[in-house]
Every structure is written in C-alpha cells, then in structure tokens.
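Me: Could you take a close look at one part of this model for me, the aromatic contacts and what surrounds them? I'd like one connected walk-through rather than a list.

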Amino acid sequence: MNGFLPINKQDMQDRGWYYCDFLLVTGDAYVDHPSFGTAIISRVLEDAGYKVAILSQPDFHDERDFVAMGRPRYAVLINGGNIDSMVAHYTAAKKRRSDDAYTPGGKAGKRPDRAVTVYAMLARRAFPDTPIYLGGIEASLRRFAHYDYWADRVMPSILESTGADGLMFGMSEHSVVELANNLKHGKKGADACVGVRGTAYMAHDAFGLENAVECPSYEDVCVSKPDYARSVKLQYDEQDAVRGKTLLQRHGKRVLVQNPPARPLTTEEMDHVYALPYMRTYHPSYEALGGVPAIQEVQFSIIHNRGCFGACNFCALAFHQGRYIQARSHESVIAEAKQIVRMPGFKGYIHDVGGPTANFRFPSCKMQEEHGLCKNKRCLFPTACKNLEADHTDYLNLLRELRQIEGIKKVFVRSGLRYDYMMADRNDAFFRELVEHHISGQLKVAPEHMSDNALYYMGKPSFSVYEKFRERYARINQKLGRKQYLVPYLMSSHPGATLDDAILLAEYLNRVGYMPEQVQDFYPTPGTLSTAMYYTEIDPRTMKPVYVAKTPEEKAMQRALLQWRRPDKRPIVLAALKKAGREDLIGFGKDCLIRPARGEKPPVSSARAAKSGKSVRPAAHRPTAPKKKGWAKAKRKK
C-alpha cells in the first residue's frame, strides 16, 4: 500500500477490503492534499471509521468505471472538483479552455460539462438502489433554482435535475459524518439528511418544518426577475450558522428543504482535520502522465483559516464557505510547516500562509458568537463597521514563529489580503513586516475598480481607501529602501459599471502610469449577488434597477479600455471613446489615452488639452455613485 486511499479493485484487495462504505466520485484528479475538498472529506470519513474509495475523473460515456470497485455499502458521494466544471471548461466569454490544471498533464476534456449532474446520472444507472449525495462547490452553489450563465436561463435545484437523495453545502466535515452515521443506523435516501445541518434535500411537503422561510418557487423565479432577486436575497439572509433558518423552495409538487448551515469548526476541530494523514501530493499513477499542475501552487503552502467577512458581491465565499472566520492554532500551523520542511523538493520557501482572506484570524466582532453575522450589514462595506476589531497581532506572531523554523528561508503571503482591513488597523507593525519579509518584488491586492459607482455594486469600499493604502505601501517601501510594486487586480463589466466608469478607470491608470497585463471580465457564476444583478438587472439589496453591460460589444469596450496601450485594442478603445462622447481623450496631451490616426486631426477639445496639458471632461460624463448613507460621490482628481 502507498498511503493513498484505494482508487481501484486491486488497491481495495491490498487493504483486505471486500467492499467500501462510500465511493467518492470527483471531477478532479486524486490529489491527497488539504487544499482539495476530496482529500479532506475522504480523510474525515476514514478518521470516523469508514472505508472510502476514490473514483477520480471516470469515463463519463457509460457506467463501467462506476461499477469497477463494486457497490458501496452506504452511498455514492459526488463532487465536480475544486472548481465548478463549467468554470474549469469555459472563459467568461464562453470560449473553451485548452487546458485543465486539475487533470494529469493539464489536459482538457477529462471531465464532462456539468460534471456533478452527469456523474449522478451514471451512478444511478450503476447502483439503482444506492443513495447518492452531492457536495463540493458545483453542487453547493446550485442547491436552489439558479441562473445558469452558460445556458442563459434559470435552472432548477441540482437535486431536482439529478434525482440525487441529498446535498451537502459549504464546508461539510460535520455534515458528512452525521450523514454517514445516519446511513449506518438504517436511515435511507433523503431521510438521512433530515435535521442534518449543512444539507439539503427534496421532500413531498414541508409538514413539521416550523419557522422555515419560503423562497419564491422555481416556477415563479423562472418567469419573474423580481422574484428571482428576492429569492437570492432570502438565501443570503439565512446563510448564517447562528441565526439562519430552514429555507424552502417549491419545485412543482416537491419542496426543496435546506437545513440551516453547519456549525463552524472550532480551532481544535480544524487542527484535527488538518493533522489527518494526507500524502500532500497527487496519486503516483499520474507521474507518467506529467503530474497534476494544480499541486504546484499549494504543495508548500499552508491554509490557516476559513471564511471571509469581506463578502464581496461577486464572490461565492459568503454563500458557500460563509462569513464566519475559523482559524487553526499556531501549534497546528507550525507542525504542518515542519512537515513541509521534510518533504522532497522543498527549497526553503513557504509559498503562502493564507486562506480565502489571508489576514483574518478571528471573527470581525465579539457579538457574532451569540447573534451571528448581521443580516443587512457588512463588516467592511461601505466603510469599516464601528464594532470591527481590526488587529493583525496574532497573524503577525504566527508569521514570526514560522520564520524561525530551521530550514525555512522565506515565508510568503500570496493569497488574498484585505487592504481595507489593514487600513482599519492603527498599528503599522504587520504592514511593515509584510513589506519587509513576506513579499517578493510585488504585492497583489484587489481594488477591482476605481469608480465608486462600480465599487458600490461590487460591495467593495470606496477607492479612496485603496489610494491611502497605495501611499502607505510606497512610504514603507521607501523607508525600508525597497523597490517593490503594487499589482492591483481589476474587473471589467461588473453589473452597475458603465462605459463611463471604464473610461474613468483608464484615465486613472494612465495618470499613475500602470497598465495591467491581465483584466478579469465579470464572470456570472451561480450563487452570487452579482450574478443575480447580471440576470435580473435588479440589485437584490435594494430591489432597484441596475445597469448591466451584456452585449459582447460593450463588454469588449470596457475590457479594452483597461489595456488601452495595446495596439490590438486601439480600434475598440477608439470606438468606445467615440460612443461615450470622449473624443477629448484622443490626441497628444499627456492625459489622452490614444493618438489620432496618421493624417487625422485630433478633436478641438484634444488639441486644446494638448496645449494646456489638461484633459477636458464633458460634464455629462462625470459618473457618480448612488446616493446612499456613508457613500461618497466618485470625484475625479484634477
């Protein structure tokens, strides 16, 4: 035996198994590392005393691979992989990707589109009488009726479309063990999910479910966009382990029942989960195929927390993992670091000590333990809450301890840092040591935009916070004698962002002398508030209309404006500026974005701007943010 869980009949026989309790089917290659959901769930079940076999990337044309290891004793568990199979296959422009980092050799095409649905149907054909339960991010974000960007229509709950017996949403260590125990004690099908937090199932009625909240039905959200927006808002409101209620959504004659979210793991429970005997690499059978590329970024990295109370509208974390912060102890993280030091190929560099948001180590305020997170308020948006406890002391001490371990040369922080949370901390110690010890040449952060109008719909703080952060970063680097860069992640075409907003951002980038190499077009993935805005053109938070760039032409314009210097983008930028009535940015002035074509005279306003050295902005094209308490109008710096 090689330490990995069985992936075929021979592996089972080598362990002396005549059957497995659970067959875990995944759309990814089998990587036994705690950054992969398949590894965590299988090891948690193994730790609870169950026999688990892994079926990774089975042939999806028939059920032969499913029956190869025999019928599992209790259930088939299915996930689509670490990322949604449709996101893995398609870009935001719906173009087919040519590779897949979660497949041996990086080859595309080893999993089907809508992998969870396809695998569930094959599992049902292979084992008609065996319960099937779904999990992972693909199933989690499709647990209710949802808008599907690729089909461009509202689809029913994935439970309805697959006929699966139940579904686990979010982080499922508690849920999967309770579900397994119910099956062991004779419960079957959907009955095994009844009362289990963090699960959902289909029922014939809602009898006995008191104090449940009912969302608009599948039929209603298909025909009414306001109902769809209201449904999404209700789902977000109850996504809290402390105050969240059972949610219902009717699908024809049946009812989707979502139990309240699972309780967050305690520090002791998280320590135990991350101390399980992971092999920390991909299965050796993939070596001849070139290995699994996805391991490269995480093999020498450490996850120290879960959850994110930042809750950006375009991010699925709030709806999947939740806003409540869970963290491992220093002892647990240090033990993992020492294990990494002994691994083959380790060269002294811990690539990351992070999580969804690297610099969160505890809940944002003390009231969450008793009352949960606020239903209609955000911890960092539009400004930092007065009850926010912004303190990096514990995280800083953890990084200091890791730096002292023999064999470690450098500890990097590469996963998301909330710069607004850093700015809310009055103590500069973490900021200084981050710049001095934990980055290498550049720091990546995510302001996403500079128009306060666009940022409002993203659920991000005012751009002035980023500007203050940028100035502070420059001062610290100067004081330390370092020449390190700040790399902002930027997004185009988010709901609410107009062509004027994109021009405003292009002007800013031109002014500071930075053009991003990559720009992310907004990607409407299931389960986010931003996707609800994209589909309905309604903001679920206010039920007010929101502008959405949907045509390929305007989306291309917004994207091109952020890379205005590229010669191949020139025709699109030119068309965008003319469409917006911003010919003043075509010319030779320092604030102009592009020059006129050879032999063509610049517009009069541009010629005047070239002489004065100033850009001319027509009053009609000065974007402003929505009037909202605590929200300032976007102001152009002169």
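Reply: Let's start at Phe412, which at 7% relative accessibility counts as buried, since the cut-off for that is under 20%. Keep in mind that this is a predicted model. Phe412 has a ring partner in Tyr349: the centres are 6.3 Å apart and the planes sit at 25 degrees, so this pair is stacked. The angle decides that label, because planes under 30 degrees apart count as stacked. The two rings come from distant parts of the chain, with Tyr349 in strand β17 (residues 349-350) and Phe412 in the loop between β19 (410-411) and α17 (419-424), 63 residues apart. Tyr349 is partly exposed, at 36% relative accessibility, whereas Phe412 is buried. Phe412 also has a charged neighbour: Arg414 lies over the face of its ring, 4.6 Å from the ring centre.

That pair belongs to a bigger tally, as the model has 29 aromatic pairs by the ring-centre rule. Another one worth your time is Phe4 with Tyr30, where the centres are 5.7 Å apart and the planes make 80 degrees, so you'd call it edge-to-face. Phe4 sits in the segment before α1 (9-14) and Tyr30 in the loop between β1 (22-26) and β2 (31-32), so this contact ties together parts 26 residues apart in sequence. Both ends are covered: Phe4 is buried with a relative accessible area of 6%, and Tyr30 is buried with 0%.

Since the Tyr30 loop follows β1, have a look at that strand too. Five of the five residues in β1 are buried. Phe22, Leu24 and Thr26 point one way, while Leu23 and Val25 point the other. β1 has parallel partners in β4 (residues 75-79), through five bridges, and in β3 (residues 52-56), again over five bridges. To find the register, use Leu23, whose bridge partner in β4 is Val76, and Leu24, which stands opposite Ile54 in β3.

Back to rings for one last stop. Ring pairs also join Tyr147, Tyr149, Trp150, Tyr228, Phe522, Tyr523, Tyr534 and Tyr535 into a cluster. One member of it, Tyr535, has a charge over its ring: the charged end of Lys225 sits 5.0 Å from the ring centre. So if you're picking spots to inspect for charge over a ring, you have Lys225 on Tyr535 and Arg414 on Phe412, with a cut-off of 6 Å from the ring centre for such contacts.

Definitions and conventions:
Residues numbered from 1 in each chain as written. Predicted model: local features only at pLDDT ≥ 70, side-chain atom pairs only at ≥ 80, totals over all residues. Heavy atoms only, no water. Phe/Tyr/Trp six-rings, centres within 6.5 Å; stacked < 30°, edge-to-face > 60°. Helix = DSSP H or I, 4+ residues; strand = E, 2+ residues; numbered from the N terminus. Buried < 20%, exposed > 50% of the residue type's maximum accessible area, 1.4 Å probe, protein only. Lys NZ or Arg CZ within 6 Å of the ring centre and 35° of its normal. Pairing = 2+ DSSP bridges.
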